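Biologist: I'm new to this one. Could you walk me through how to read it?

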Amino acid sequence: MNLSELSGQLNIKIKWREGVIEQIDLTSSRPQKVTSLFNGKLLLDLLNLIPMLYSLCGIAQKVAALRAAESALNIRVFPEVDQARNLLVQAETARELGLRLFTDWYPDERGVKAELMKWFSEVKDEYDWALQIDPASIRTTYPSEIANKLLDILEPVLSKKLASETKECVEEDIWESSVLRSLKPELKSFFSSSETIELQSGCPDLDMTDFTVQHKVAESLKSNGAYQYCAAPVVNGENFESSAYTRRLFLNGLKNKDFKCGRKALLFRLNALEKTLQLMPEQIRSGSKNNLIHSDVTGMGIVQAARGVLIHHMELDGHSVSDSVVTDYKIVAPTEWNFHPQGTFVKMLKGSRVNLEQLPILVESLIRLIDPCVGWQLELDT
């Protein structure tokens, strides 16, 4: 398997009859068994390999792997290490959200993407020392300086007057016009005519801070059907979503809103993406470590990445960093929760009313709002 095959894609077949989506068959060519190739490798060799294999959200992937390894070896790193790693994941999240927002949704009138890439490179260069197992050299972090530079990039293009996702604003639809007026011209026509589209509600937020949930996932990752589980994860038979959207709802104490109206549902998700990016400077400045989720399971590393919760789980043979060999390795990515055959994407679309000419852009918009980096192919049965 070469590196170009690692990302895979979603294959989506939709049966549409008389204005209604009757059936959705969703399969994935994303390779879950690639981690079996890690077995038998020296731990240090594997940790060097991870960022090369997983360039998408590479920082989050490396941090999850490091935390899984340190957990397996019962290594407790200094607080400054966690601080630096969290800053790196936050910086990567800001970069990814910014790139998607100003590529897929908003015109990049001020060259925000180029500025974000430059800013991220500077942060990575400064804190790259933390991306090794149990770093011996500890350095001071400067979150306020990083936050101020990010704010200088974002403030001119993200309105400070955007309505927050409070219950009052949701009910009064204050947020809707704020997002709609900022869209690329070619998207405004679709959203302006999408009031007649009816969507269903999605799945609840995946709460991996819950130790009970962590152990349920760990049990499944150690079972005979572990690779099948990685491809279609559930908890107690229930489907969950893990995305920037559900994360914003969780942090604000809101429940998944059943809008029915397609435009409201899509724009509210877009608003959540923008608000997540808008609040990144404040989160970085606060010094919080909420992107690193503490695990009660030995050998499990959990990171809140740009696209959702990323889970690495490993088992080792050995007692030190230098002599440890990987005996088992599993990864559960947010994509597999969100595009489960009975997950949020399918739940929102199945049974929905939509005109045939609007269907392709509806599918594309929803995919980008749930997981903007996944590849996909659509087949329509009309």
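Modeller: We'll go through helix packing first, then the pocket and the cavities. Keep in mind that this is a predicted model.

Biologist: Fine by me. How do I describe two packed helices?

Modeller: Two packed helices are described by the angle between their axes and the distance between the axes. Let's try that on α2, residues 58–72, and α3, residues 79–105: their axes come within 8 Å and cross at roughly 150°.

Biologist: So how do α2 and α3 run, roughly parallel or roughly antiparallel to each other?

Modeller: Angles over 145 degrees count as roughly antiparallel, and α2 and α3 cross at roughly 150°. The two helices are therefore roughly antiparallel. As for handedness, α2 passes α3 in a left-handed crossing.

Biologist: Which residues in α2 and α3 meet?

Modeller: From α2 you have G58, I59, A60, V63, L66, R67 and E70, and they meet D82, R85, L88, V89 and E92 in α3. Sort that contact by class and you get six nonpolar, one polar and five charged residues.

Biologist: Let me move on to α3 and α4. At what angle do they pack?

Modeller: Helix α4 covers residues 112–127, and α3 packs with it at about 165°, with the axes 10 Å apart. That makes α3 roughly antiparallel to α4. The crossing of α3 and α4 is left-handed.

Biologist: And what makes the contact there?

Modeller: On the α3 side, the residues include A84, L87, L88, A91, L99 and F102, while α4 brings in others, among them L116, M117, W119, F120 and V123. By class, the contact of α3 with α4 has 14 nonpolar, two polar and four charged residues.

Biologist: What about α4 and α5, at what angle do they pack?

Modeller: Helix α5 is residues 143–154, and α4 and α5 pack at about 170°, their axes 10 Å apart. Once more, that makes α4 roughly antiparallel to α5. V112, E115, L116, W119, E122, V123 and Y127 of α4 meet I146, K149, L150, I153 and L154 of α5. The class count for this contact is nine nonpolar, no polar and three charged residues.

Biologist: Good, that's the helices. Now for empty space: how do I tell a pocket from a cavity?

Modeller: A pocket is an open set of points, while in a cavity the probe fits but cannot get out. Start with the largest pocket, which holds about 550 Å³ of space.

Biologist: Which residues lie nearest the centre of the largest pocket?

Modeller: R67, I75, R76, H294 and S295 do, out of 21 lining residues. The elements giving two or more residues to that lining are α2, α3, β3 (292–293) and β4 (300–305). You've met R67 already, as one of the α2 residues that meet α3. By class, the pocket lining has eight nonpolar, six polar and seven charged residues.

Biologist: How many cavities of 30 Å³ or more are there?

Modeller: The count comes to six. The largest cavity has a volume of about 190 Å³. It is lined by 15 residues, and the closest to its centre are R247, T276, Q283, N291 and Q304.

Biologist: Which element gives the most to the lining of the largest cavity?

Modeller: That's α11, with four residues. α3, α11 (244–251), α13 (280–286) and β4 each supply at least two. The lining divides into five nonpolar, eight polar and two charged residues.

Biologist: And the second largest cavity, what volume does it have?

Modeller: About 90 Å³. Of its 13 lining residues, D205, L206, R247, Q304 and V309 are the closest to the centre. Here too α11 gives the most to the lining, this time three residues. By class, that lining has five nonpolar, five polar and three charged residues.

Note on methods:
Residues are numbered from 1 along each chain as its sequence is written. This is a predicted model: local features need pLDDT of at least 70, side-chain atom pairs count only at pLDDT 80 or more; totals for chains, interfaces and linings use all residues. Side-chain values use heavy atoms; hydrogens and water are left out. Axes are lines fitted to C-alpha atoms, for helices over the stretch in contact, and angles run from 0 to 180 degrees between N-to-C directions. Angles under 35 degrees count as roughly parallel, over 145 as roughly antiparallel, 65 to 115 as roughly perpendicular and the rest as oblique. A crossing is left-handed if the near helix is turned anticlockwise from the far one by less than a right angle, and right-handed if clockwise. Contact means heavy atoms within 4.5 Å. Ala, Val, Leu, Ile, Met, Phe, Trp, Tyr, Cys and Pro count as nonpolar, Asp, Glu, Lys and Arg as charged, and the others, Gly among them, as polar. On a 1 Å grid over the protein atoms alone, a cavity is a set of points where a 1.4 Å probe fits but cannot get out, and a pocket is an open set with protein on both sides within 12 Å along at least five of seven lines; lining residues have an atom within 4 Å of a point. Grid points are joined across faces, edges and corners, and a volume is the space filled by probe spheres set on the points.
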